[in-house]
Amino acid sequence: MVAPASPGDEESTLAGIAWLKNQGFHVHLGKTVDQTFGYLAGSDDLRAADINTMFTSPDIDGIFCLRGGYGTMRLLELLDYDKIRANPKIFVGYSDITALHISIRQRTGLVTFHGPMVGSDMGKGLTDYTWDYLSRAITVSAPLGSILNPADSLPASFIAQGEAHGQLTGGNLSLITATLGTPYEIDTREKILCLEEVAEAPYRIDRMLTQLLLAGKLQDTAGIVFDVCANCELELEPPDFTVEEVLRDRLGNLQKPVLYHLHFGHTTDKATLPLGVTGVLNSFLNNFEIIEAATIN
């Protein structure tokens, strides 16, 4: 377990460690897990070294992030991508961890996992839905298959029609936008772009999507998946748009499938998405399916 972004609190950290142990995992703590350096979990050098060490250690099979917050973009030039490439391991996180997903994938070719974190999620106990997708994604050498919302929630729906086939990429919309103009800019060409966000008003989502449009990133995709945008409409005051209305306006004319309201971001129920494997979007079958395994025996 590493803390590459902001520090966690002791209670949720200990609860998350206990939860992992109850599932049968042997937990090794990185040096950043109990560190606080302002809004960071330690200095940049310490947080980067933690990741590099975990990847190169022969005793470690998988790496879980403690939480998001802020700080991973500060590490991108400090990671040893050659050693990471030579030591493929499971790497799991979301939110601010997006910058690491993008940089590791594009510089090493490794699959990483957009999924729950120790303090943010496991410390509260994972729902059956979340644990099912996580456990199958990281411990079973078979494709995940169809990604469906929990049975007690509204299903995801297509707001633009079509079929798409491509590798998954993406993560948090704010972080993806922040990579533009840097050496770590996201490559969306022929990819299925998965976007999630939390507590961003519709006009701010509009602004970020518009920036990606102006950069040609959304036009380059094969298809787009957008999550259940948690707490994104708290500021709604007439006149205003809903998140769905913004997505229909900004993404609906791209001539490619766009799936909306999928549980994989800042919600209690979240599917784990292996970034870098092949997926298929098909609005005519109302299906989003992962058709390539993320791990091997």
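How far apart should the ends of the 13 residues of α7 be at 1.5 Å a residue, and how far apart are the end C-alpha atoms? Keep that in mind as you open the viewer, and remember that this is a predicted model.

**Stop 1: helix α7**

Select residues 202-214, which make up α7. At 1.5 Å a residue, the helix should span 18 Å, and its end C-alpha atoms are 18 Å apart, so the expected and modelled values agree. Now colour the buried residues of α7: P202, R204, I205, M208, L209, L212 and L213. An α-helix has 3.6 residues a turn, so residues three or four places apart point the same way. To see what covers the buried residues of α7, show α6 (173-178), β7, α8, β8 and α9, which are among the covering elements. Before leaving, step to G216, just after α7, where phi is positive at about 80°.

**Stop 2: helix α9**

Next, select α9, residues 243-251. Show V243, V246, L247 and L251 as sticks; these residues of α9 are buried. Turn the view so that you look down the axis of α9: its buried residues fall within an arc of 100°, and therefore line one face of the helix. Their cover includes β5 (157-160), α7 (202-214), α8 (217-220), β8 and β9.

**Stop 3: the sheet of 8 strands**

Switch to a cartoon view and follow the open sheet of 8 strands in the order β4-β12-β11-β6-β7-β8-β9-β5, where the pairing is mixed. At the edges you will find β4 (145-146) and β5; each has a single partner strand, so one side of each is left without a neighbour in the sheet.

Now zoom in on β8, residues 223-227. Is this strand mostly covered or mostly uncovered? It is mostly covered, with 5 of its 5 residues buried. In a regular strand the side chains alternate between the two faces of the sheet. In β8, G223, V225 and D227 point one way, while I224 and F226 point the other way.

Bring in the two neighbours of β8 one at a time:

- Strand β7 (residues 192-196) runs parallel to β8, and 4 bridges join them. Look for I192 with its bridge partner G223, then for L193 with I224.
- Strand β9 (residues 258-262) also pairs with β8 in the parallel sense, over 3 bridges. Here I224 has V258 as its bridge partner.

**Stop 4: the annotated active site**

Select S95, E196 and H266, which UniProt lists as "active site" in an unreviewed entry. These residues are spread over 172 residues of sequence, yet they cluster in space, with a largest C-alpha distance of 7.9 Å.

Start with E196, which lies in strand β7. E196 is buried, with a relative accessible area of 0%. Its contacts beyond four places in sequence include Y94, S95, H114, N172, D227 and H266.

Move to H266, in the loop between β9 and β10. Is H266 buried or partly exposed? At 23% relative accessibility, H266 counts as partly exposed, because buried means under 20%. Leaving aside neighbours within four places in sequence, H266 is in contact with Y94, S95, N172, E196, V198, D227 and A230.

That last contact leads to A230, in the loop between β8 and α9. A230 counts as buried, at 12% relative accessibility. Not counting residues up to four places away in sequence, A230 touches E197, V198, A199, H266 and T267. If you draw a distance from A230 to G265, C-alpha to C-alpha, you should read 8.1 Å for residues 35 apart in sequence.

**Stop 5: the sheet of 4 strands**

Finish at the open sheet with the order β1-β2-β3-β10, another one with mixed pairing. Its edge strands are β1 (62-64) and β10 (273-275), each pairing on one side only. From one strand to the next, the twist averages 25°. Select β3 (residues 112-114) together with β10: they pair in the antiparallel sense over 3 bridges, and T112 stands opposite L275.

To set part of this in its annotated context, select residues 2-115, which an unreviewed UniProt entry lists as "domain: LD-carboxypeptidase N-terminal". The end C-alpha atoms of this span lie 15 Å apart, and the span is 38% helix and 9% strand.

Definitions and conventions. Residues are numbered from 1 along each chain as its sequence is written. This is a predicted model: local features need pLDDT of at least 70, side-chain atom pairs count only at pLDDT 80 or more; totals for chains, interfaces and linings use all residues. Side-chain values use heavy atoms; hydrogens and water are left out. Buried means under 20% relative accessible area, exposed over 50%, partly exposed in between (1.4 Å probe, protein chains only). Two strands pair if DSSP finds at least two bridges between them. Contact means heavy atoms within 4.5 Å. UniProt positions are given in the numbering used here, feature names are shortened, and annotations may be inferred rather than shown by experiment. The arc is that of the directions from the helix axis to the C-beta atoms. Axes are lines fitted to C-alpha atoms, for helices over the stretch in contact, and angles run from 0 to 180 degrees between N-to-C directions. The expected span of a helix is 1.5 Å times one less than its number of residues.
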